[in-house]
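This report goes through one protein structure for a reader new to the subject. Please look at the sequence and the structure first.

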Amino acid sequence: MHHLHIETPYVESRALSLQSGRSVWLKMEALQPPGSFKIRGVGLKCQEAVKNGTSRFISSSGGNAGIAVAYAGRQLSIPVTVVVPETTTDRAKSLIKQENAEVVVHGASWQEANALAVSMVGAGDTFVHPFDDELLWRGHATMIDEMAKAGKAPDAIVLSVGGGGLLCGVLEGLHRNGWSAVPVIAVETNGADSFAQAVKAGYPIELPAIQSIASSLGARKVAQQAFDWTSRHSIRNVIVSDKQAVKACESFILDHRMVVEPACGAALAAVYDNVEEIRAFKNVAVIVCGGVTATIDHLKKWGATDA
Ligand SMILES: *Cc1c(COP(=O)(O)O)cnc(C)c1O
């Protein structure tokens, strides 16, 4: 089957390896055509929907998930409606519109936009959730298929967690490739740490609000499946500050000439800053999840504040 995602490079980072004192490999999901790993799962979800005769895709994400759905719709010649809250930036809206999707602005928060999006789903329409869907996870898992095909298992995999869709996909990929013993380092920013707090509480708690600039990690509650994995796989939680995440983005521009969101900078920061949880590992792989809603000007502005 032809996929909507591309096979991305899996390369050793000399700069990060030297900085961190271990071998660091990067899975370059930032190079996906819509700018993040999301197209892997979203692409599979949308292709399955086309097989079932769908007439429209509906999304409620003003971020990389909405952009991926819009991209998938244009590739598959299916109309797309993305409902976004008033807080969504002009940049994000224009990135969705440039894929020919319809943007509907509604509500002060994602909850309200999502409620409208769900109410709009009619017969023949397909709602595409940003992170909580088995097909998304199955699609995201293809990044681990590619890494496994490339060779030896890393000692640990470092990734960012928002709602936990990426985490569930990576874990599915590890288990279907015989890499189930590879621990996962799950990184969030302070103020968007719904996964770490769920682990601490013993159930998927809901944060009262998101207080982090890493908007793509801003799910107030993680998927139940992400929480359930914690009893079946070695997962270590790491929380970094917004400042660490932004600094990692800045370093990554110098080292790899690529702009990524702070959501991705969070995972990179765990390695740049050599957090305690990675020190035992000689060879780590980082999922460079990407993200296109932050520009170099945003990074400069955030970098100049004391957040
Ligand atoms: C969606 C996203 C995440 C978080 O993924 P989840 O599946 O919500 O955990 C991290 N980084 C970027 C760039 C994203 O777009």
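The sections below cover two sheets, the helices that lie on them, and the ligand.

## The model

The structure is a predicted model.

## The four-stranded sheet

One sheet is open and built from four strands, in the order β5-β4-β3-β6, with parallel pairing. Its edge strands are β5, residues 102-105, and β6, residues 125-127, and each of them pairs on one side only. From one strand to the next, the twist averages 20°. As a general point, strands of a sheet pair through backbone hydrogen bonds, either parallel or antiparallel.

Within this sheet, β3 (residues 56-59) and β4 (residues 80-84) run parallel and are joined by three bridges. The bridge partner of S59 in β4 is V82. A helix also packs on this sheet: α4, residues 90-97, touches β4 and β5. The direction of α4 makes about 150° with that of β5.

## The six-stranded sheet

Another open sheet has six strands, and its pairing is mixed. The strand order is β1-β2-β10-β7-β8-β9. At the edges are β1 (10-12) and β9 (235-240), each pairing on one side only. Here the twist averages 25° from one strand to the next.

Strands β7 (residues 156-160) and β8 (residues 184-189) run parallel, with four bridges between them. I157 stands opposite V184 in β8. Helix α12, which spans residues 262-272, lies across β2, β7, β8, β9 and β10. In this group, β2 covers residues 23-27 and β10 covers residues 283-287. Helix α12 runs at about 145° to β7.

## The ligand and its surroundings

How many residues surround the ligand? There are 16, and the closest are K38, G162, G163, G164 and L166. Sorted by class, the shell around the ligand consists of seven nonpolar residues, eight polar residues and one charged residue.

Several backbone atoms lie beside oxygen atoms of the ligand. For G162, a backbone N or O atom is 2.7 Å from a ligand oxygen. For L166, a backbone N or O atom is 2.8 Å from an oxygen atom of the ligand. A polar backbone atom of G165 is 2.9 Å from an oxygen atom of the ligand. How much of the ligand's exposed area does the protein bury? Taken alone, the ligand exposes 380 Å², and the protein buries 98% of that.

Note on methods
Residues are numbered from 1 along each chain as its sequence is written. This is a predicted model: local features need pLDDT of at least 70, side-chain atom pairs count only at pLDDT 80 or more; totals for chains, interfaces and linings use all residues. Side-chain values use heavy atoms; hydrogens and water are left out. A residue is near a molecule or strand if one of its heavy atoms lies within 4 Å of it. A polar contact is a pair of N or O atoms within 3.5 Å; within protein, one must be able to donate a hydrogen and the other to accept it, and residues adjacent in sequence count only if both atoms are side-chain atoms. Accessible areas come from the Shrake-Rupley method with a 1.4 Å probe; for residues, only the protein chains shown count as cover. Ala, Val, Leu, Ile, Met, Phe, Trp, Tyr, Cys and Pro count as nonpolar, Asp, Glu, Lys and Arg as charged, and the others, Gly among them, as polar. Two strands pair if DSSP finds at least two bridges between them. Helices (H or I, at least four residues) and strands (E, at least two) are DSSP runs, numbered from the N terminus. Axes are lines fitted to C-alpha atoms, for helices over the stretch in contact, and angles run from 0 to 180 degrees between N-to-C directions. Contact means heavy atoms within 4.5 Å.
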